[in-house]
Every structure is written in structure tokens, then in C-alpha cells.
Amino acid sequence: MPPLQFGKSFLSSAVFLGVAISTPDLFHAERQSFAAQAQRIDQRAFNVLPTVPPPSEYGGFIAWIPFAPPNATIESLVAQPFHIYSKEFEDIIGPNPTLTLLNHTDGDPLFHEAPVWNPSTDEMFFCQNAGAPAAGTGMQKSAIIQKIKLSAITRAITSQRNASGSVQIEDVTAADGAKVMNPNGGTNYKNKLLFVGQGKGENIPPAIYLMNPEPPYDTKGRSGSLRASSAYHVLTAGGYLVMLNNYFGRQFNSINDASVNPLNGDIYFTDPTYGFVQDFRPAPGFPKQVWRFNEATGAVTVVADGFSMPNGIQFSPSGSHLYVTDSGVAQAFRGMEYNNPSTIYRFDVSRDGTLSNRQTFAFITPGIPDGINVDTKGNVYVGCADGVQVYSPSGKLIGKIFLGKGVANFQFAGKGRMVLLAETELYFVGGLKAEGAFPGRLY
């Protein structure tokens, strides 16, 4: 489920939050010492504001509008998008980070979720928004999976802020039209790509699929075969392998995202009801929960419940913690519920894979926490309504990659590179010092 998208004129009104007041200019004093696209943000400058708007402002959508601090505008924040809230973020972005627009559409949200990097071909896979009216997806047709070649992103491209159209977008739908039905989440798994599909209507259940990263994208291609347990799985007409599509004969609600436990290789996935509130899935048959799937034994278990809308999911590099985003504020076509969470939760993970000690890790504004990732040092990155926010392992906001608009999901591509999915816009981040905690080891 993506953050809501607002037009440029609506976003520009967010500048009212940056009314000039009699405070020191804590944003510009050190700006020249940073890279061209970076700036320091000092929260002391807006701990007290002369006017704080009520929740009803802008028809109740105030919580979705990017915040412009005093002496700043949305335009100035976008112009230097790497926002340093704490010195730790300097070690993440390095001396010369870059943000480049690679492609855009006029309305079709092609750049939505399920970003998965395939190292052997250096390609990034991702999917279209399922259930978005502008895409016509959900009930009428499935969202599609696409990819870009990162090797095509040259230094000449990354030297530009706007290089839209410079990189080709490829549709990887099987030649016979077989699809992962309404894909939304993905990860690396045994040298292949694992995607979760939300299903369609009453007769196509949500499922976990395995796909070859190379043409023809079936599970019998050049990347190797699965072990014997695959005999219990089913191939679609296009050769995608369906690993799981039910719990004792009952359909899941609308599987959203998945992550692999680095300690044991089990697949953990979230199951909210976004398909239902976007009108392409029936009423839910389960509570909104986090599940665990052991491919070798076939065991499926619930590991956590009590969520409003469990969404993104990611393990820490060591596997000792599991992060789950709850985007319950956003009820899609049903509107907003501001009493619901917009929260990242962290669990302790035992060696047997069970979860305990649920903690509130961070509350996210503007918008909701959606896709979530970690780097090799355990810093936590989350997509939200102003871009990507970055938190230390202790839950402190240390920086942002600020777009002034929503990022539903994103993914590292090894060290120094990241791809951002902003619905109708596709971005590349280069020059980082940080390295993504790659989830693709073999178990």
C-alpha cells in the first residue's frame, strides 16, 4: 500500500509549516561543508512553532504533507535531498551522494513495490501498483513485474538530477501471459526471486511464488533447480513455482511482503487486508498477522498478531531482530484512520525462529511506513510520504532521502547504490558509503 500521492500545487502548500520565525538559521550555517546534494537539518529550530495546524487542516490530510521547517521550503528541501539529522548519516551517504530520476509516467504507478536486486545480472526487479485506479489493476487485470539493468546507469546519467527516459523498463511477464497475480512484495531466495501475490477475486488466492531471474523467468532455467521439496509445489502455466497458497484449505487475506530469516532460511510474510479495501479481494478470513513458512517441512505458523495493517517486513543483518511496519492509518479506498498505527515495530528473534519482546521502534510521519530495509550496520530505512527515512538501530531519526513525495518501497543494489520506487517516478541513488544487508545467501 503506497503513501497517498498529491499534486505539485497541493504539496507546495506545505510551505506554511515553514513560516519564518525569530530563530537562528540552523539549516544553512554549515551547508557549504557538505556535498552538493546534502544539507544539515537541526530539529531545535522547529521544536517550537508560532502556529501548529490542527489535525483537520487540509481536509484531514495534514499527516500526509511533507514538513518544511523554518527558513526552508519544499523546493529547497528537494534541491538538496540528503538531509542530515545526525552525524551518523554522513557515514551512510558519503562525500558525494547523488539522486537521479530515471523514468516517469503520466499517471500509471508502474514503480510501486517488490524491489529485488539480482546480483548475477545486476538487475533490479519491481512491480506495478495492484489495485490503483490509474493502473486499472487489481480486479480487472494483474499488476506486472518489470526490471531495469543497473549496468545501463552510467556516470553521465548519475551526474544529472533529471535523466528521465535514460534507462529502459522491461516487462518480465512470461510469454504466455502467466503472472504472479497482483504482486506486491519480493526478496531473494536460493538464487531465485521470491514474490508474493495478493490474489484476485474469490477464486485466485494470495500466494508465494518463485521465479527464475533470467528469461524465460520460469523455475527450470539456467539458474539451477530447486531441491526435492519442490515436488510438493505447483507450477503455473508460465513455469512460475507456487510455494504456498493456503493455510489448511483457507485463503490468506492479501499477502503483502516477505523476508527470509538469515538464521534458518524460513520465509516470514505479512498478511493485511489491502486487497479487500482496494476492492479486488473478498472480505478477510483471517486476522491481520505475520506468518512463517518452512519450505523444507511445509510447516506454516502464525508468529505475531495484533496489527492494524502489517505491511513491510525485514530482518536485521544478524537475524536477531525482525522489523514490521504497520500502516493501519491508511485504509485505501476506505479512507484514513488516524487512531491506527503508523509505526515500525521490532521483535526479538530466538534461535528457533519464534518472536518475542515486541517494541515500538519508531512512529512515522508524514504518511505511513511502507517498505523497509536495513544496511550491514543495522541502520533501518523506511519508505514514507516524503521519501526514505533512515533510523539508527536505537530508533533515532538520523537522516532522510527527501523527494517531497511518497516512496512506497526501495532496495539496495549492493554497496553504494539504491533504487527508489515512487509510484509514477523511478529514482536511482548513487555514491553512498552504506551497503545493503543482502538477503540472498543460500540456506
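Contact here means heavy atoms within 4.5 Å. The model behind these exercises is predicted.

## Exercise 1: The setting of His83

Task: Place His83 in its strand, decide whether it is buried or exposed, and list its contacts beyond its sequence neighbours.

Solution.

Step 1. Find the element. His83 belongs to strand β2, residues 82–84.

Step 2. Apply the cut-off. Buried means under 20% relative accessible area. His83 has 2%, so it is buried.

Step 3. Look for a polar partner. A polar atom of the His83 side chain lies 3.1 Å from the backbone oxygen of Gln80.

Step 4. Set aside neighbours within four places in sequence. His83 then touches Gln39, Ile41, Leu77, Phe89, Ile398, Gly399, Lys400 and Phe402.

## Exercise 2: A pair distant in sequence

Task: What is the C-alpha separation of Gln43 and Tyr85, and how many residues apart are they along the chain?

Solution.

Step 1. Locate Gln43. Its place is the loop between β1 (38–40) and α2 (74–79).

Step 2. Check its accessibility. Gln43 is at 37%, so it counts as partly exposed.

Step 3. Take the pair. Gln43 and Tyr85 are 42 residues apart along the chain. Their C-alpha atoms are separated by 7.5 Å.

## Exercise 3: The second largest pocket

Task: Describe the second largest pocket by volume, central residues, strands and lining class.

Solution.

Step 1. Start with the volume. The second largest pocket has about 660 Å³.

Step 2. Go to the centre. The lining has 27 residues, and the closest to the pocket centre are Ala63, Phe67, Phe363, Thr365 and Pro366.

Step 3. Assign strands. β23 (387–391) and β24 (397–402) each give at least two residues to the lining.

Step 4. Sort by class. The lining of this pocket has 19 nonpolar, 7 polar and 1 charged residues.

Step 5. Inspect the backbone at the centre. The peptide bond from Thr365 to Pro366 is cis, with omega near 0°. Pro366 sits in the loop between β20 (355–363) and β21 (372–374).

## Exercise 4: Backbone checks

Task: Where does the cis bond between Pro215 and Pro216 fall, and what are the phi values of Asn182 and Asn191?

Solution.

Step 1. Take the proline pair. Pro215 and Pro216 are joined by a cis peptide bond, with omega about 5°. Pro216 is in the loop between β10 (207–211) and β11 (234–235).

Step 2. Take Asn182. Its phi is near 50°, which is positive in a residue other than glycine. Asn182 lies in the loop between β7 (170–171) and β8 (183–189). Its relative accessibility is 0%, so Asn182 is buried.

Step 3. Take Asn191. Its phi is near 65°, again a positive value in a residue other than glycine. Asn191 lies in the loop between β8 and β9 (192–197).

Step 4. Set the two side by side. Asn182 is buried, whereas Asn191 is partly exposed, with a relative accessible area of 45%.

## Exercise 5: An open sheet

Task: Give the strand order of the sheet that holds β4 to β7, and identify its edges.

Solution.

Step 1. Recall the principle. Strands of a sheet pair through backbone hydrogen bonds, either parallel or antiparallel.

Step 2. Write the order. The sheet is open and has 4 strands, β4-β5-β6-β7, with antiparallel pairing.

Step 3. Find the edges. β4 (113–118) and β7 each pair on one side only, so they are the edge strands.

Step 4. Detail one pair. β4 and β5 (residues 123–127) are antiparallel over 4 bridges. Asn118 stands opposite Glu123 in β5.

## Exercise 6: Strand β14

Task: Why is β14 largely enclosed by the rest of the structure, and which strands pair with it?

Solution.

Step 1. Count buried residues. In β14 (residues 267–271), 5 of the 5 residues are buried, so the rest of the structure largely encloses this strand.

Step 2. Split by direction. Ile267, Phe269 and Asp271 point one way, Tyr268 and Thr270 the other way, and all are buried.

Step 3. Pair with β13. β13 (residues 257–260) and β14 are antiparallel over 4 bridges. Ala258 has Phe269 as its bridge partner in β14.

Step 4. Check the hairpin. Between β13 and β14 there are 6 residues, and Gly265 takes a positive phi near 80° in this hairpin.

Step 5. Pair with β15. β14 and β15 (residues 289–293) are antiparallel over 5 bridges. The bridge partner of Thr270 in β15 is Val290.

Conventions:
Residues numbered from 1 in each chain as written. Predicted model: local features only at pLDDT ≥ 70, side-chain atom pairs only at ≥ 80, totals over all residues. Heavy atoms only, no water. 1 Å grid on protein atoms, 1.4 Å probe; cavity = no way out; pocket = protein on both sides within 12 Å on 5 of 7 lines; lining within 4 Å. Points joined across faces, edges and corners; volume = space filled by probe spheres on them. Nonpolar A, V, L, I, M, F, W, Y, C, P; charged D, E, K, R; others polar. Buried < 20%, exposed > 50% of the residue type's maximum accessible area, 1.4 Å probe, protein only. Polar contact = N/O pair within 3.5 Å; in protein donor to acceptor, adjacent residues only side chain to side chain. Pairing = 2+ DSSP bridges.
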